[in-house]
Amino acid sequence: MKSSNAAAENFPVSRNVARMKMSSTLKAGQTAGLLRERGFDVIDLTLGEPDFPTPEFIKEYAWEGLQKGLTKYTPTAGLKTFQESIVEFYAKEFGAHFSPQQIVATDGGKQALFNACCTLLNPGDEVLIPQPYWVTFPEIVKFCGATSVFIETETSDFILTAEQVQDSITDKTKLLIINSPNNPTGRVIHKNELIKIVEICAERNVYVLTDECYLFFAYPPSEVFTSASLPEDLRRFVCVAGSFSKTYAMTGWRIGYTIANEEWTGQMTKLQSHSTSHPTSFVQYACARAMENHAASKAAVNLMLAEYKRRKDWLIPALQQTRNFKCQMPEGAFYAFVDVREMLGEQFKTSADVAELLLNEAHTVVTDGEGFGADGFLRISYATSLENLQTAVERIRKVFETTIKEAV
Ligand SMILES: Cc1ncc(COP(=O)(O)O)c(C=O)c1O
């Protein structure tokens, strides 16, 4: 009889999954955990999640939901109150108008993205993805058997332009995936450019999936624009993927949503009815109540935003003054995107080598850019305390002073 290991080695993984890679951001975080277990004082700057607790009032609403007996199945697309609360919140906050029938409650932003791609893409379809990109986008595209076509954005300061989109569309292009504010670059596509981008796509019958999970974290907040507030003739080509994970520090609660035209929404609901059914009932209730309590949710977000801004305003100049590092001031999200290409050569071949040096010598874990299609860059998360950031920068500088050969 074969050993169970042999069976595992021979596991006939499906073609769709075999094409995918494990998430590199999650892997980097695991490395930090392993080092910590071995007793090292590790500073983890890989985190893609807020270090704040979920606001108390949202926890209380979840408890209220439990007490009300919301422990059973809900409709697949979500509780009516959940859908209505999103509609009202977007109307109040952004002047956006759509109907509750255009919403599907999902298990986080990731499922929103999966639902949108899996209901639209076929093998042979091309999907435009601005590069650098969030690691998961090309993996979902691969899962669907479609082909990612990357649009290099370094020439436009890492902000996608309408012209780049225009030049990249072919007869095979089915979808453009955008993410603004952006992970990993921290860049924001401004309103007029975003409208132009969607107009160009709509003219060519190309759909647009906009990942807006960092929507509420822009500096200043007035810079953000949600595609949910586009006019109806453009919005019918758009699916907004939203998430509560970052906005309200609720990563573990697993809740997000899509806003799309009713047909697309119907197909996503059908797909979800055979996968997760819906996100947890009392979590939907808590989010609905939180959205209804507009003032409290805004206050919670503003507190976090102010703290991210305080950290960013210290961290970015400090990184800019660190030998070998180049980085711009982010306009949104909570990441510094650091160019280390000047260091590459004999001693360090890739940015992964630099990340490894920082791990081994500074006990500071950062995410290498390779998984984001950004070899030569590091992503440094400031979803951690200012004290941690200060210690990390001090350690990094010390390592650079003692380890790097002058010739670099
Ligand atoms: C750009 C982007 N989109 C989506 C997600 C997924 O968030 P969640 O599934 O927790 O809502 C993340 C998480 O890191 C992200 O950075």
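Visitor: What makes you say that Lys312 lies over the face of Tyr219?

Guide: The distance is a good place to start: Lys312 is 4.7 Å from the ring centre of Tyr219. A charge sits over a ring when NZ of Lys or CZ of Arg is within 6 Å of the ring centre and within 35 degrees of the ring normal. At 4.7 Å, Lys312 falls inside the distance limit, and it is counted as lying over the face of Tyr219. Please keep in mind that this is a predicted model, in which local features need pLDDT of at least 70 and side-chain atom pairs count only at pLDDT 80 or more, while totals for chains, interfaces and linings use all residues. Residues are numbered from 1 along each chain as its sequence is written, and side-chain values use heavy atoms, with hydrogens and water left out.

Visitor: Why is the aromatic pair of Phe89 and Phe216 called edge-to-face?

Guide: Rings of Phe, Tyr and Trp (its six-membered ring) pair if their centres lie within 6.5 Å; planes under 30 degrees apart count as stacked, over 60 as edge-to-face and the rest as tilted. Phe89 and Phe216 are 6.0 Å apart, centre to centre, with 65 degrees between the planes, so they meet both conditions. The rule gives 26 aromatic pairs in this model.

Visitor: What makes the pair of Phe89 and Phe216 a tie between parts apart in sequence?

Guide: Phe89 belongs to helix H5 (residues 80–94), whereas Phe216 sits in the loop between strand E6 (207–211) and helix H10 (232–235), so the pair joins parts 127 residues apart in sequence. Those names follow DSSP runs, numbered from the N terminus: helices are H or I of at least four residues, and strands are E of at least two. Both Phe89 and Phe216 are buried, a word kept for under 20% relative accessible area; exposed is over 50% and partly exposed lies in between (1.4 Å probe, protein chains only).

Visitor: How do you know that the aromatic pair of Tyr90 and Tyr257 is edge-to-face too?

Guide: The ring centres of Tyr90 and Tyr257 are 6.2 Å apart and their planes make 85 degrees, so this pair also passes the test. Tyr90 lies in helix H5 and Tyr257 in strand E8 (residues 256–259), so parts 167 residues apart in sequence are tied together. Both Tyr90 and Tyr257 are buried. One aromatic cluster includes Phe89, Tyr90, Phe216 and Tyr257.

Visitor: Which residues are the closest of those that surround the ligand?

Guide: A residue belongs to this shell if one of its heavy atoms lies within 4 Å of the ligand. The shell has 13 residues, and the closest are Gly109, Asp211, Ser243, Ser245 and Lys246. Helix H6 (residues 108–118) gives the largest share, 3 residues. H6 itself is mostly covered, with 8 of its 11 residues buried; Gly109 is one of them.

Visitor: How do the residues of the shell around the ligand divide?

Guide: They come to 3 nonpolar, 6 polar and 4 charged. Here Ala, Val, Leu, Ile, Met, Phe, Trp, Tyr, Cys and Pro are nonpolar, Asp, Glu, Lys and Arg are charged, and the others, Gly among them, are polar.

Visitor: What distance puts a side-chain atom of Lys246 in contact with an oxygen atom of the ligand?

Guide: That distance is 2.6 Å, to an N or O atom in the side chain of Lys246. A polar contact is a pair of N or O atoms within 3.5 Å; within protein, one must be able to donate a hydrogen and the other to accept it, and residues adjacent in sequence count only if both atoms are side-chain atoms. Ligand oxygen atoms also lie 2.8 Å from a polar side-chain atom of Tyr214 and 3.0 Å from a polar backbone atom of Lys110. Taken alone the ligand exposes 400 Å², and the protein buries 92% of that, by the Shrake-Rupley method with a 1.4 Å probe.

Visitor: Why does Pro220 count as partly exposed?

Guide: Its relative accessibility is 43%, so Pro220 falls in the middle class. Pro220 lies in the loop between E6 and H10, and the peptide bond from Tyr219 to Pro220 is cis, with omega near 0 degrees.

Visitor: And is Phe158 counted as buried or exposed?

Guide: Phe158 counts as buried, at 14%. Asp157 is partly exposed at 36%. Neither is a glycine, yet phi is positive: about 65 degrees for Asp157 and about 70 degrees for Phe158.
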